[in-house]
Amino acid sequence: PTSTFNEFAFYDFEPETGDMLNDVVKGLSSLPKRLSPKYFYDETGSTLFDQICTLPEYYVTRTEISLLRAHASEMAESVGKQSTLFELGSGSSLKIRMLLDALKPNTYIPMDISKQHLLNASEKIATDYPWLDVNAVCVDYSQYWDSPFTEAENKVAFFPGSSLGNFEPNQAKQLLTRIAQLLGQGGMLLIGIDLRKDISILEPAYNDAAGVTAAFNKNILSHINRELSANFNPTNFIHKAIWNDALSRIEMHLLSTSAQEYSVGEHTFYFGEGESIHTENSYKYSVDGFQALAKESGYTSENVWVDAQDLFSIHLFSV
Ligand code: AVJ
């Protein structure tokens, strides 16, 4: 007989502070200035993101959750019998709960860049699902991809929240290709992708009345202050979110309220009045457009679920 207790393991491939310094210096030295949205997610940023997910304007999370709730058993049926379930960007591991009972995998492998958040969330899952082995992996999945779990059998990956939308279409293709390599022939990918829609819905979702998204955007500077001994004053920047229709993406920026100068370690950066730091892209796809991108990355479309208002899609692909 096997053990009555599930296994819990934590693997730390947390990105080095030195990598972050190089990356931040490079981004702030470019024109226009930019910072990677992965630096939103320190402990404060992950908590602010959880708050965003409950905002009335931010339809993304609640729509995806209602799709999962409505179709979990059909999704599990389409996925078929898979024993190892990966989740990319597992955050607080709330959505996965809607799938665990239907999918009944042996092992859950949550992957996230935010270490403490991942540890708390995965311990809770291990407690609440005593039949499930949990192997949490703290990792920057945009960089590191030598998974210790390549050998596992019958793999399915869950990539919710339209997080893939943070990547340029070409980078998205590369990441999807890497995931396909991890999954191997017969592997399955269940992925949540936000849909193109009217600007009157899109812009408020990234510029909420309560100002939580503004705080989330500015926290990237506080994170850099803490991690890299920088001296940004986040109150001297304004949050801006705009829809770029030609590129089919929401862009988030931080605009400098005046001419000012800040240091990051040994480096000094000058910001003109009104100058932008581009902090995030959030690409939106049509159902067909995303299926074409996935096809180019080595997948076959198996199924897709869309809500009645055409806000959000959950695709199932096989490798
Ligand atoms: C986690 C990347 C999907 O783009 O909607 C939410 C992040 N940024 N509000 C998104 C985010 C501002 C979110 N993703």
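# A guided tour, starting at a strand pair

Begin by selecting Glu 251, which stands opposite Asn 281 in β12. Keep in mind throughout the tour that the structure on your screen is a predicted model.

**The open sheet**

Now widen the selection to the two strands concerned, β9 (residues 249-256) and β12 (residues 276-283), which pair in the antiparallel sense over seven bridges. Another pair to pick out here is Arg 249 and its bridge partner in β12, Tyr 283. As background, the strands of a sheet pair through backbone hydrogen bonds, and they may do so in the parallel or in the antiparallel sense.

In which order do the strands of this open sheet lie? Select all four and you can follow the order β2-β12-β9-β8, with pairing that is mixed. The edges are formed by β2 (33-34) and β8 (237-244), each of which pairs on one side only.

Go first to the edge at β8, where β8 and β9 pair in the antiparallel sense over eight bridges; here you can select Trp 243 together with its bridge partner in β9, Ile 250. These two strands form a hairpin with four residues between them, and in the turn Ser 248 has a positive phi of about 55 degrees.

Then move to the other edge, where β2 and β12 pair in the parallel sense over two bridges, and where Lys 33 stands opposite Ile 277 in β12. From β2, step back to Pro 32, which lies in the loop between α1 (17-29) and β2; the peptide bond that leads from Leu 31 to Pro 32 is cis, with an omega near -5 degrees.

**A loop that meets the hairpin turn**

Select Arg 196 next, and look for it in the loop between β7 (188-194) and α7 (199-205). Is Arg 196 buried, exposed or partly exposed? It counts as partly exposed, because it has 16 C-beta neighbours inside 10 Å, a number that falls between the 12 or fewer of an exposed residue and the 20 or more of a buried one. Leaving aside neighbours within four places in sequence, Arg 196 is in contact with Ser 248, Lys 284, Tyr 285 and Ser 286, and Ser 248 is the residue you have already visited in the turn of the hairpin. Although Arg 196 and Tyr 285 are 89 residues apart along the chain, their C-alpha atoms are separated by 5.4 Å.

**The ligand and its surroundings**

Turn now to the ligand and select the residues around it, which include Ile 52, Val 60, Gly 161, Ser 162, Ser 163, Tyr 206 and Thr 213. Glu 280 and Ser 282 also belong to this group, and both numbers fall within β12 (residues 276-283), the strand you met at the start. Sorted by class, the shell has three nonpolar, seven polar and one charged residues.

**Helix α2 and the nonpolar core**

Select helix α2 (residues 43-52), whose buried residues are Gly 45, Ser 46, Leu 48 and Phe 49. Why do these four lie on the same side of α2? They do so because they cover an arc of only 160 degrees around the axis. If you also display α5 (115-128) and α8 (212-228), you will see the helices against which the buried residues of α2 pack.

In soluble globular proteins, nonpolar side chains tend to be buried together. Here the largest nonpolar core has 76 residues, and among those with the most contacts inside it are Val 79, Leu 99, Ala 157 and Phe 158. Choose Leu 99 and look for the residues that it touches beyond four places in sequence, namely Leu 68, Ala 72, Met 75, Ala 76 and Phe 158.

**A buried lysine, and two positive phi angles**

Lys 155 lies in strand β6 (residues 155-159), and it is buried because 26 other C-beta atoms lie within 10 Å. Not counting residues up to four places away in sequence, Lys 155 touches Gln 82, Thr 84, Phe 86, Leu 183, Gly 184 and Gly 187.

Finish with two loops, of which one, between α4 (97-103) and β4 (107-112), holds Lys 104, while the other, between β13 (300-306) and β14 (312-318), holds Asp 310. Lys 104 has a positive phi of about 45 degrees although it is not a glycine, and Asp 310, which is not a glycine either, has a positive phi of about 55 degrees. Lys 104 counts as partly exposed with 15 C-beta neighbours inside 10 Å, and Asp 310 is partly exposed with 13 other C-beta atoms within 10 Å.

Technical notes: Residues numbered from 1 in each chain as written. Predicted model: local features only at pLDDT ≥ 70, side-chain atom pairs only at ≥ 80, totals over all residues. Arc of directions from axis to C-beta. Contact = placed C-beta atoms within 7 Å. Near = placed C-beta within 6 Å. Nonpolar A, V, L, I, M, F, W, Y, C, P; charged D, E, K, R; others polar. Core = buried A, V, L, I, M, F, W, Y, C linked by C-beta atoms within 7 Å. Pairing = 2+ DSSP bridges.
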